[in-house]
Amino acid sequence: MKINKSAVWVFDLDDTLYSEKDYQRSGYLYIAHHLKKLYQQDVSDIIQKADAQNKDVLQEICCALSLSDSVKQSLLWMYRLHIPTIELTADVKCTLEVIKSCCTAMAIITDGRSVSQRNKLLSLGLGKMDSLVSEEWGESKPGDIRFKEIERRYPNESQYIYVGDNVKKDFITPKKMNWLTIGVRDAGNNIHSQDLSEISDGHLPHFWINSLSELQDYLC
């Protein structure tokens, strides 16, 4: 199968264009750095242990430092609003450049808070890409408002493509709208499981790739 040059490519962000685990680690390091300044205590080991045991990291920090629940909320906002230390891999960056050079348009549809998601985009060098963030539109996937908006912004194109990873929400709507859907397989680090044991066909992409760089094989 080959995808022609009049296609509009739309991407999910988290765990599709970069590893969300990297964002998580960045947030925890940011919190640890500031808590060391504020309370003169290093919570790095507490964070590492809690994360490895899938515990509530912020709760473990507060317990260790005898901080109240209200402080936990402050830590949560520190995490959400920090400028993350994340970047696109060389392969992903190259693939996006190749796709950009031979398509009608590229965009991102991502779920999350406006500032958090746009801080990610900024750090990844994607701040200027046409991006539709759920908080700004009052709906999350599988809502169809943002997918319809893409069709409105880029009308009369021969093909719309959505690339994502989350089988619970990413592919349902674009499949119903006759978009081509492509899933990026979890290499073992994704935040959300790709367990397919109880997933219906309507939730699945048309086909899977193991890495984003494989998309180059489908370009005309």
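Q: In this predicted model, which loop holds Asn178, and is Asn178 buried or exposed?
A: Asn178 sits in the loop between α9 and β5. Its phi is near 65 degrees, a positive value in a residue other than glycine. The cut-off for exposed is over 50% relative accessible area. Asn178 has 72%, so the word for Asn178 is exposed.

Q: Where does Asn156 lie, and what is its relative accessible area?
A: Here is another residue with an unusual label to check: Asn156 is not a glycine, although its phi is positive, about 60 degrees. Asn156 belongs to the loop between α8 and β4. Asn156 is exposed, and its relative accessible area is 79%.

Q: Which residues does the cis peptide bond with omega of about 15 degrees join?
A: One partner, Pro142, is found in the loop between α7 (134-137) and α8 (145-153). Lys141 is placed in the loop between α7 and α8 too. The cis bond joins Lys141 and Pro142.

Q: Which residue forms a salt bridge with Lys141, and is that partner buried or exposed?
A: The closest N and O atoms of Lys141 and Asp170 are 2.7 Å apart. This pair connects distant parts of the chain, with Lys141 in the loop between α7 and α8 and Asp170 in the loop between β4 and α9, 29 residues apart. Lys141 counts as buried at 6% relative accessibility. The partner is Asp170, and at 0% it counts as buried.

Q: How many residues apart are Lys169 and Asp111?
A: The side chains of Lys169 and Asp111 meet in a salt bridge, with 2.9 Å from N to O. Lys169 is in the loop between β4 and α9, while Asp111 is in the loop between β2 (105-110) and α6. Lys169 is partly exposed at 22%, whereas Asp111 counts as buried at 13%. Along the chain, the two are apart by 58 residues.

Q: About how many helical turns separate Arg25 and Asp22?
A: These side chains form a salt bridge of 2.5 Å, N to O. Arg25 counts as partly exposed at 45% relative accessibility, and Asp22 counts as partly exposed at 30%. They are three residues apart in helix α1, so the separation is about one helical turn.

Q: How many salt bridges does a search of the whole structure find?
A: Some salt bridges share partners, and these join Asp130, Glu149, Arg152 and Arg153 into one network. Searching the whole structure gives a total of twelve.

Q: Why is strand β5 largely enclosed by the rest of the structure?
A: Leu180, Ile182 and Val184 point one way from β5, Thr181 and Gly183 point the other way, and all are buried. The strand covers residues 180-184, and it is largely enclosed because the number of its five residues that are buried is five.

Q: In β5, what is the bridge partner of Gly164, and in β6, what is the bridge partner of Val184?
A: β4 and β5 run parallel and are joined by four bridges. β5 also pairs with β6 in the parallel sense, over three bridges. Gly164 has Gly183 as its partner in β5, and the partner of Val184 in β6 is Ile209.

Q: What kind of aromatic pair do Tyr23 and Tyr79 form?
A: The structure holds eight aromatic pairs. For Tyr23 and Tyr79, the ring centres are 5.5 Å apart and the planes stand at 75 degrees, so the pair is edge-to-face. Tyr23 is in helix α1 (residues 20-39) and Tyr79 in helix α4 (residues 69-81), 56 residues apart. Tyr23 counts as buried at 4%, and for Tyr79, at 15%, the word is again buried.

Q: Which parts does the pair of Phe171 and Trp208 tie together?
A: The two rings are edge-to-face, with 6.4 Å centre to centre and 80 degrees between the planes. Phe171 counts as buried at 0% relative accessibility. The pair ties together parts 37 residues apart in sequence: the loop between β4 (159-164) and α9 (172-176), and strand β6 (residues 207-209).

Q: Which residue lies over the face of Tyr23?
A: A comparable arrangement has Arg80 over the face of Trp77, at 4.7 Å from the ring centre. For Tyr23, the distance to the ring centre is 4.3 Å, and the residue is Lys120.

Q: Which residues make the nonpolar surface patch of about 280 Å²?
A: One contributor, Val115, belongs to helix α6 (residues 114-123) and is partly exposed at 44%. The residues of the patch are Trp77, Leu81 and Val115.

Notes: Residues numbered from 1 in each chain as written. Predicted model: local features only at pLDDT ≥ 70, side-chain atom pairs only at ≥ 80, totals over all residues. Heavy atoms only, no water. Patch = residues over 30% accessible without salt bridge, like charges linked within 9 Å, V, L, I, M, F, W, Y side chains within 5 Å. Areas by Shrake-Rupley, 256 points an atom, 1.4 Å probe, with all protein chains shown as cover. Salt bridge = Lys/Arg side-chain N within 4 Å of Asp/Glu carboxyl O. Buried < 20%, exposed > 50% of the residue type's maximum accessible area, 1.4 Å probe, protein only. Phe/Tyr/Trp six-rings, centres within 6.5 Å; stacked < 30°, edge-to-face > 60°. Lys NZ or Arg CZ within 6 Å of the ring centre and 35° of its normal. Pairing = 2+ DSSP bridges.
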